[in-house]
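Work through the exercises below with the structure open beside you. Try each task before you read its solution.

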Amino acid sequence: MNYEARTELARELVATLTLPRPLTAATLHRYMEGLRGKAILIRAASPRLVESGVCGLWIEVAGENFERIHHAPTDSAVHRQQFINHEFGHMILRHEKQLMPAERVALLAPLIPLDSIAYALSRSNFTDEQEALAEAIGDRLALIMFGDSAETANGPRTGFGRVL
């Protein structure tokens, strides 16, 4: 699928959601928890995980009643939110997580016990269509958040400037 078609598909998929407005990082997080039916814990990834080439990880550990998103550490709130939005894109697309091999689970120590059974969807590149579409959805969510923050700060766009 080419970039334009992928972007249009992402726009259409996000348009079917009943996103809260204005859309913020916090309201999107709560919305996704409702969509998933469980809490979603968001944390920076361990240095060992990042060194392995993973910049985002959506994980579920057997026996826990919540899911986790681990993102590459960054000082940029925008960059961090894009990592999170990408993982939310996978959730929106209902991509299936896979059983993690033991050596990958070890990269999460001490965040989860080494003997945990973990299911995850992780990314270290954007080479396949599944990753590219999740990223396009993440981009779309970011654009909505940006537009909503500008409208909140400056008032609605009317063509005549800000209405008093």
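**Exercise 1. Strand partners**

Task: Find the bridge partner of Arg43 in E3, then place E3 among its neighbouring strands.

Solution.
- Step 1. Go to Arg43. Its bridge partner in E3 is His70.
- Step 2. Identify the strands. The model is a predicted one. Strand E1 covers residues 39–44, and it runs parallel to E3, joined by 6 bridges.
- Step 3. Turn to E2. Strand E2 (residues 56–61) pairs with strand E3 (residues 66–71) over 4 bridges, in the antiparallel sense.
- Step 4. Pick one pair there. Gly56 has His71 as its bridge partner in E3.
- Step 5. Follow the chain from E2 to E3. The two strands form a hairpin with 4 residues between them. Gly63, in the turn, has a positive phi of about 90 degrees.
- Step 6. Check the cover. In E2, 5 of the 6 residues are buried. E3 also has 5 of its 6 residues buried, so E3 is largely enclosed by the rest of the structure.

**Exercise 2. The chain as a whole**

Task: State how many helices and strands the protein chain has, and give their order.

Solution.
- Step 1. Count the elements. There are 6 helices and 5 strands.
- Step 2. Read from the N terminus. The order is α-α-β-α-β-β-α-β-α-β-α.
- Step 3. Look at burial. The chain has 164 residues, and 41% of them count as buried.
- Step 4. Look at the surface. About 9200 Å² is exposed, and carbon and sulfur atoms supply 57% of that area.
- Step 5. Look at contact range. Take the contacts between residues at least 6 apart in sequence: 69% of them join residues at least 24 apart.

**Exercise 3. The largest pocket**

Task: Say which residues line the largest pocket, and sort them by character.

Solution.
- Step 1. Note the volume. The largest pocket measures about 190 Å³.
- Step 2. List the lining. It consists of Leu23, Thr24, Val78, Gln81, Gln82, Ala142, Met145, Phe146 and Ser149.
- Step 3. Assign elements. Helix H4 (77–92) and helix H6 (129–154) are the elements that give two or more residues to this lining. H6 gives the most, with 4 residues.
- Step 4. Sort by character. The lining has 5 nonpolar residues, 4 polar ones and no charged ones.

**Exercise 4. Two residues of H6**

Task: Decide whether Met145 and Asp148 are buried or exposed, and find what they touch.

Solution.
- Step 1. Locate them. Met145 is in helix H6, and Asp148 lies in helix H6.
- Step 2. Apply the cut-off. Buried means under 20% relative accessible area. Met145 is at 11% relative accessibility, so Met145 counts as buried. Asp148 is at 9%, so Asp148 counts as buried.
- Step 3. Leave out residues up to four places away in sequence. Met145 then touches Leu23, Thr24, Ala25, Leu28, Gln81 and Asn85. With neighbours within four places set aside, Asp148 is in contact with Arg21, Pro22 and Leu23.
- Step 4. Compare sequence and space. Met145 and Pro22 are 123 residues apart in sequence, and their C-alpha atoms are 7.3 Å apart.

**Exercise 5. Backbone exceptions**

Task: What are the peptide bond from Arg21 to Pro22 and the phi of Arg94 like?

Solution.
- Step 1. Recall the usual case. Most residues other than glycine have a negative phi, and most peptide bonds are trans.
- Step 2. Inspect the bond from Arg21 to Pro22. This bond is cis, with omega near -5 degrees. Pro22 lies in the loop between helix H1 (3–15) and H2.
- Step 3. Inspect Arg94. Its phi is positive, near 60 degrees. Arg94 sits in the loop between H4 and strand E4 (98–99).
- Step 4. Judge exposure. At 65% relative accessibility, Arg94 counts as exposed.

**Exercise 6. Arg36**

Task: Where is Arg36 found, and which residues does it touch?

Solution.
- Step 1. Locate Arg36. It is found in helix H2 (residues 25–36).
- Step 2. Classify Arg36. Its relative accessibility is 26%, so Arg36 counts as partly exposed.
- Step 3. List contacts, not counting residues up to four places away in sequence. Arg36 touches Trp58, Glu67, Met91 and Lys97.
- Step 4. Add a distance. Arg36 and Phe66 are 30 residues apart in sequence and 9.4 Å apart in space, C-alpha to C-alpha.

Key: Residues numbered from 1 in each chain as written. Predicted model: local features only at pLDDT ≥ 70, side-chain atom pairs only at ≥ 80, totals over all residues. Heavy atoms only, no water. 1 Å grid on protein atoms, 1.4 Å probe; cavity = no way out; pocket = protein on both sides within 12 Å on 5 of 7 lines; lining within 4 Å. Points joined across faces, edges and corners; volume = space filled by probe spheres on them. Nonpolar A, V, L, I, M, F, W, Y, C, P; charged D, E, K, R; others polar. Buried < 20%, exposed > 50% of the residue type's maximum accessible area, 1.4 Å probe, protein only. Contact = heavy atoms within 4.5 Å. Areas by Shrake-Rupley, 256 points an atom, 1.4 Å probe, with all protein chains shown as cover. Pairing = 2+ DSSP bridges.
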